[in-house]
Amino acid sequence: MNIVSRLTLRHLEENKKRTVVTILGIAASTALITTMLVGVTSFFAFFGRVALNASGDWHGEFDDLTLEQIESLKEDDRIRTVAITRTDGITSGVRLKTDTPDRLRTGNTLIMDAQGIYNKVVCDYDGVLPQNSNEIAVEEKFLKYNNIDAKPGDSITVDIGSRYILDGDGNKVILGGNYHSNEGFDFVSEETYTITAILHDNTATEGFDFLNCLNEGDVPKENFVDICLKKFDHTAHKQLRAIAKDHNLTLTSINTEYLVSVFSYNKGSRGVTSIIPVGIVALLIIMGTSVVLIYNAFGMSLTERMRYLGMLASVGATRKQKRASIYFEALILGIIGIPLGIIIGLLGAFFTIGVLGRTMLSAGMIVGAEGLADYVPVSAPLFVYVFIVLISAVTIFISALVPAIRASRIMPIDALRQNNSIKVRARKLKVNPIIRKLFGYEGELAYKNIKRNGSKGTIITISIIASVVMFLTITNFSQMFEKANSVEFNIPYQLYVSCSVQDSDRLKQELSENDLVDRCYVNDMYNYSFKPDQSNPKYIPANDDILDEDYLNKGYRDIFDARQFFVSTIEDADFEKLLEDNGISKDAYFGDELVGVILNDYYRQSSRKAVFNQGIIGQVLHYDKEEGNPPKIRIGAMVTYDKNNYIFDLVPKNAVVIYVPESVFNKKYEENLGSDIATKTIAIETKKTTKLYDELGEMLERGDYHNYTYGNMEQSLGAFKAVLVILKTVMYGFTTLITLIVLANMVNTISTGIILRRKEFAMLRSIGMTGQGFKKMISLETVLYGVRSLVVGIPLSLLLSYYMTKAANSEMAFEVNIFTYLVVIAAVFVIIGTSMIMSVSRIKNDEIIEVLKEDIC
């Protein structure tokens, strides 16, 4: 180790506080990078397991292949397995010959070849999997629902056919999934099968009660064919495309979630294409914040070491050696800080993934995760850690680059005289007489001190500006997310039941008398869509003449881009109260014409800026074809948002909503649809959600209600709430860590700058400055530093926040949270003042003569 390296180590030991803070800054930035990257890769790996559990073992899929094409795929040495599934739906329905209700004895059957069944069965099962068309695997719960005590080897006789419902035009639509009370069953044949396997909740074939096997060599005309690759790695997408091209086939589906687990993805990979840009931006923010912190530390270090670097230069140290001293310091700090940051980051990832994973799993929002562990394990390949070290090293190198170049240019005479530390012309030290009159000579000294401090003063100012800008822009982004996200809503009811309009009053009365029901009320939400349905050429979208931007105020011009309106039906009494609260007469709303009121709010934040102008009044929301569609609605007035009125929680925010009285709406809707199809929905508030939900099926069947469906909104919304928790945790966790870094940056820079001025303060005290005068000078310096920084930082943060808002949504109205800015302004002065006071307290007992004798700047 040469003399330069020895001196660098001694310098780090002598300045323990700054060294520790710098190491912690490096560790914090590394920890952020580690948590983010390890978290993402851990979720990718887990989602791969979930994809396997949810849909079985397959990588790519083709539709409607011939026997020759399938044989060609089987001969391809890149493919491990080829599996066939029948898709015509003619025999997809199954009905048991039992005396149980139709909703229990009606199910679905999935027909695959033996390889397909093997790939799709991911659960435990009794027996062996089917090998020919006379054998089936059956779900255990389907047997239990129908009181059938069967075991592998038993025979079972069932009706095979297709389930269907009638659409608005009377056409049959093949049905799968849950039972509908108005569905029909087209009988095809009666079949007797041998049960070879009993499945215990096979998630990959969820919704299917029977798995039937194709005979070997049997290829249905309508089918899809799944393939699995032999070499399953990051080249999977490339292999699949090559296979499709070589066999002159078209890939109709790729198991993207599964492929992502081995870091194979393309532009169509869901989640990855959005995560990568966000991740790059987050990395740049972390690196930018860290560079400012670490750069300031190296800048202060260079200022402290100016004299001895000059002395080294005087005895022959080369530019390269002086530059190497800064790089060596960076290396030492990195060797300690990066591993420490990785350890902290792994702990952070462990707890973050643990919380978010459990939240997602408990909410049931990860389809296919049933039966897996109740947590997401931390998992990342070696190259991720290499990337973390590389990014952290680059951050440190960039931070040290400029100080290293400056160190190489230090000349012996300049260093010994400290000309580089204070280099300012006399005319720049001229003080406005007003400052002297207002603040006395202490104010004049404070002003001159900031000017004289040169690079040290600039570093402090830049540090504060960077901290202010970083905090305010990230805070603005968080507030913008809160405003714009459409996930967060608080629907007041837990369960819902729909039935025919004729039965609705009777059902509501029965629910009102149920002890488990706290409150119930009629509420339906209809989506008037202006988008064509590509899958249904006969579909006629709503007339879009109402989508005129002239009806919108500036800042909301993009809300019609969604091309949909929501219509919420509310009980007449609640609608009358809504009119009364907004000073609107009810005369026009309960006649022959359906008239509604439009909510003059979009983000549900009681914004001072209205969404619509008077041009929207009188416009009509309608379908050109009335038969089979919701009725036309004329907009009679605008109403304002009231956070205390439950009706405004019935529809998610970030939506255009029209409220109508349910009696008039349902009358018109029944005319358009017909009394045998039109339904009404009753929302139910209860504290016993699960128990009441279990009773609803029996209640609806016993009461002979028609066209009924029911659902658990609490369970459905659990996934949305979990998403919101995840987004907020990541967003505010990131903001908090960045804030801590910039806070440490400010405190470190200011305190180090004060310590470097020990001789200056000793000289002032030696010429008679009193303690009170000294405090006044420091206070004024605090004010001046704060004002200088805020004059630049506030406008810059406003500019960046504006462009961030417009980049995210070009039509979103940019609003400034005055309270946040006032808090930041106050915080800046408090932090600067506290840092200065704490630093000054460390030198207040210095002996004047001893300090003046010290060889420091």
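At 53% relative accessibility, Lys151 counts as exposed, and in this predicted model its side chain meets that of Asp154 in a salt bridge, with 3.7 Å from N to O. Asp154, at 22% relative accessibility, counts as partly exposed. The structure holds 23 salt bridges, and the points below take up several of them, followed by the nonpolar cores, helix H7 and the pairing of strand E15.

**Salt bridges**

- Lys508 and Glu571 meet through their side chains in a salt bridge of 2.5 Å, N to O; because Lys508 lies in helix H16 (residues 501-512) and Glu571 in the loop between E15 and helix H17 (572-581), the pair ties together parts that are 63 residues apart in sequence.
- The two partners of this bridge differ in burial class, since Glu571 is buried with a relative accessible area of 15%, while Lys508, at 24% relative accessibility, counts as partly exposed.
- Salt bridges that share partners also join Arg95, Lys97, Asp159 and Glu190 into one network.
- Within helix H6 (residues 140-145), Glu140 and Lys144 lie four residues apart, about one turn of the helix, and their side chains meet in a salt bridge of 3.8 Å, N to O.
- Of this pair, Glu140 is partly exposed, with a relative accessible area of 28%, whereas Lys144 is exposed, with a relative accessible area of 56%.

**Nonpolar cores**

- The largest nonpolar core has 39 residues, and those with the most contacts inside it are Ile26, Ile33, Leu37, Phe298, Leu333, Ile388 and Ile396.
- At least two residues of this core come from each of helix H1 (3-14), helix H2 (16-55), helix H9 (272-304), helix H10 (306-314), helix H11 (319-362) and helix H12 (382-408), and H2 gives the most, with 10 residues.
- When neighbours within four places in sequence are left aside, Ile33 is in contact with Leu283, Ile286, Ile388, Ile391 and Ser392.
- A second, separate core comprises 34 residues, including Leu547, Tyr556, Leu594 and Phe665.

**Helix H7 and its surroundings**

- In helix H7 (residues 236-246), the buried residues are Ala236, His237, Gln239, Leu240, Ile243 and Ala244; seen down the axis of H7, they fall within an arc of 160 degrees, so they line one face of the helix.
- On the other side of H7, Lys238, Lys245 and Asp246 are exposed.
- The cover over the buried residues of H7 includes strand E1 (60-63), helix H3 (67-74), strand E2 (79-86), strand E11 (223-229), strand E12 (253-254) and helix H8 (256-260).
- Asn248, just after H7, takes a positive phi of about 55 degrees.

**Strand E15 and its partners**

- Strand E15 (residues 564-570) is mostly covered, in that six of its seven residues are buried.
- Strand E14 (residues 519-529) and E15 run antiparallel and are joined by seven bridges, and in this pairing the bridge partner of Asn523 is Ile570 in E15.
- E15 also pairs with strand E19 (residues 657-661), here in the parallel sense and over five bridges.
- Ile570 has Pro661 as its bridge partner in E19, and Ile570 is likewise the bridge partner of Asn523.

Technical notes:
Residues numbered from 1 in each chain as written. Predicted model: local features only at pLDDT ≥ 70, side-chain atom pairs only at ≥ 80, totals over all residues. Heavy atoms only, no water. Buried < 20%, exposed > 50% of the residue type's maximum accessible area, 1.4 Å probe, protein only. Arc of directions from axis to C-beta. Contact = heavy atoms within 4.5 Å. Core = buried A, V, L, I, M, F, W, Y, C linked by side-chain atoms within 4.5 Å. Pairing = 2+ DSSP bridges. Salt bridge = Lys/Arg side-chain N within 4 Å of Asp/Glu carboxyl O.
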